Amino acid sequence: MKMTCHHTLDLHCERDASLKGEQLGYVLGAMHWLEKSVGEVLSKKLDEEYYNNISFSYAFFMDGLQHIIKHFDRQPKFLDVGCGLGTKCFLAGCLGYVPTGLDCNPNYLKVVKQMGKGLNGGFQPIKMIEADGITFDHYDEYDVIYWYLPIRDPAMMIKLSDAIFEGAKPGTVLFPASLVSWRHGDKCERIDIIPKLQYFIKK
Ligand SMILES: C[S@@+](CC[C@H](N)C(=O)[O-])C[C@H]1O[C@@H](n2cnc3c(N)ncnc32)[C@H](O)[C@@H]1O
């Protein structure tokens, strides 16, 4: 895998063309529908567990994945740690990744499964794993690992990030879509993909 590693943020990622126009609109529409309608129903059931809005945009997410996939000569295995409703997994599947969602809450995983069926098989199947990301010990099976603040408690969040950074195999692209403290400088290098977002590659 060829990937330029340096520490400044000067590369810029042009939106690529694997998904465009109507197709892209359809996919994003489906994801927004999933978040809103299914999310609202789920919120009544899950109450405090439910997250109703994360501030990370689909566009940024997809820009990054479209750039990263060019560096693989096979379909990369994508993992969302704390996948919630699985929207990022659906999108990763559309972009050519083999998607897996991991969540400790089985209710979310059930919804992802239902959605997969409800979307008429138009989306790549998502493998789902019910597990605690802190003790999960198969991070070395993935090529790209993404996570977005699955845990609110900062100390536990650090434990989770440590587990991912430690467990990933060399060459894995790590994509914590939120600031993580810079504790892993000896284990990975920062790569430039999209300004302001942090991507790392495991050494
Ligand atoms: C912010 S939401 C997920 C957002 C999703 N990754 C995205 O980008 O759309 C957080 C999810 O993390 C899950 N979660 C919390 N703690 C976890 C843990 N220790 N291991 C696995 N999943 C966890 C929650 O059940 C919830 O579904």
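**Entry 1. The ligand shell**

I began with the surroundings of the ligand and sorted the shell by class: 11 residues are nonpolar, five are polar and four are charged. I worked from a predicted model throughout. Of the 20 residues around the ligand, I noted that Gly 82, Gly 84, Asn 105, Gly 133 and Pro 150 come nearest. I then looked up which elements contribute, and found that α3 (87-94) and β2 (98-103) each supply at least two residues of this shell.

**Entry 2. Confidence**

I checked how far the model may be read. The chain has a mean pLDDT of 78, with 72% of its residues at 70 or more. Strand β1 (residues 77-81) has the highest confidence, at 97, whereas helix α1 (residues 21-46) has the lowest, at a mean of 67. Over residues 1-17 the pLDDT stays under 50, and the model has 27 contacts beyond four places in sequence for them. I set that stretch aside, because predicted coordinates should not be read in detail where pLDDT is low.

**Entry 3. Overall arrangement**

I counted five helices and seven strands in the chain. Their order along the sequence is α-α-β-α-β-α-β-β-α-β-β-β. Of the 203 residues, 35% count as buried. I also looked at sequence separation: among contacts between residues at least 6 apart, 68% join residues at least 24 apart.

**Entry 4. Strand β4 and its partners**

I turned to strand β4 (residues 144-147) and asked which of its faces are covered. Both are: Val 144 and Tyr 146 on one side, and Ile 145 and Trp 147 on the other, are all buried. β4 runs parallel to β1, and four bridges join the two. In that pairing Phe 78 stands opposite Val 144. β4 also runs parallel to strand β5 (residues 173-176), again through four bridges. There I found Phe 175 as the bridge partner of Tyr 146.

**Entry 5. The nonpolar core**

I listed the largest nonpolar core, which has 46 residues; Val 112, Val 144, Ile 145 and Ile 164 touch the most other members. I followed Val 144 further. Leaving aside neighbours within four places in sequence, Val 144 is in contact with Ile 68, Pro 76, Phe 78, Tyr 97, Val 173 and Phe 175. I recorded the general tendency beside this: in soluble globular proteins, nonpolar side chains tend to be buried together.

**Entry 6. Helix α3**

I asked why α3 should be described as largely enclosed by the rest of the structure. Eight of its eight residues are buried, and therefore the description holds. The buried residues are Thr 87, Lys 88, Cys 89, Phe 90, Leu 91, Ala 92, Gly 93 and Cys 94. Just after α3, I noted that Gly 96 takes a positive phi of about 105°.

**Entry 7. Leu 149**

I looked up a second positive phi, that of Leu 149, which is near 35° in a residue other than glycine. Most residues other than glycine have a negative phi. Leu 149 lies in the loop between β4 and α5 (154-167). I classed Leu 149 as partly exposed because 18 other C-beta atoms lie within 10 Å.

**Entry 8. Lys 127**

I closed with Lys 127, which is placed in strand β3 (residues 127-130). With 13 other C-beta atoms within 10 Å, Lys 127 is partly exposed; 20 or more would make a residue buried, and 12 or fewer exposed. I also checked its position against Leu 109: the two are 18 residues apart in sequence and 9.7 Å apart in space, C-alpha to C-alpha.

Technical notes:
Residues numbered from 1 in each chain as written. Predicted model: local features only at pLDDT ≥ 70, side-chain atom pairs only at ≥ 80, totals over all residues. Contact = placed C-beta atoms within 7 Å. Near = placed C-beta within 6 Å. Nonpolar A, V, L, I, M, F, W, Y, C, P; charged D, E, K, R; others polar. pLDDT = per-residue confidence, 0-100. Core = buried A, V, L, I, M, F, W, Y, C linked by C-beta atoms within 7 Å. Pairing = 2+ DSSP bridges.
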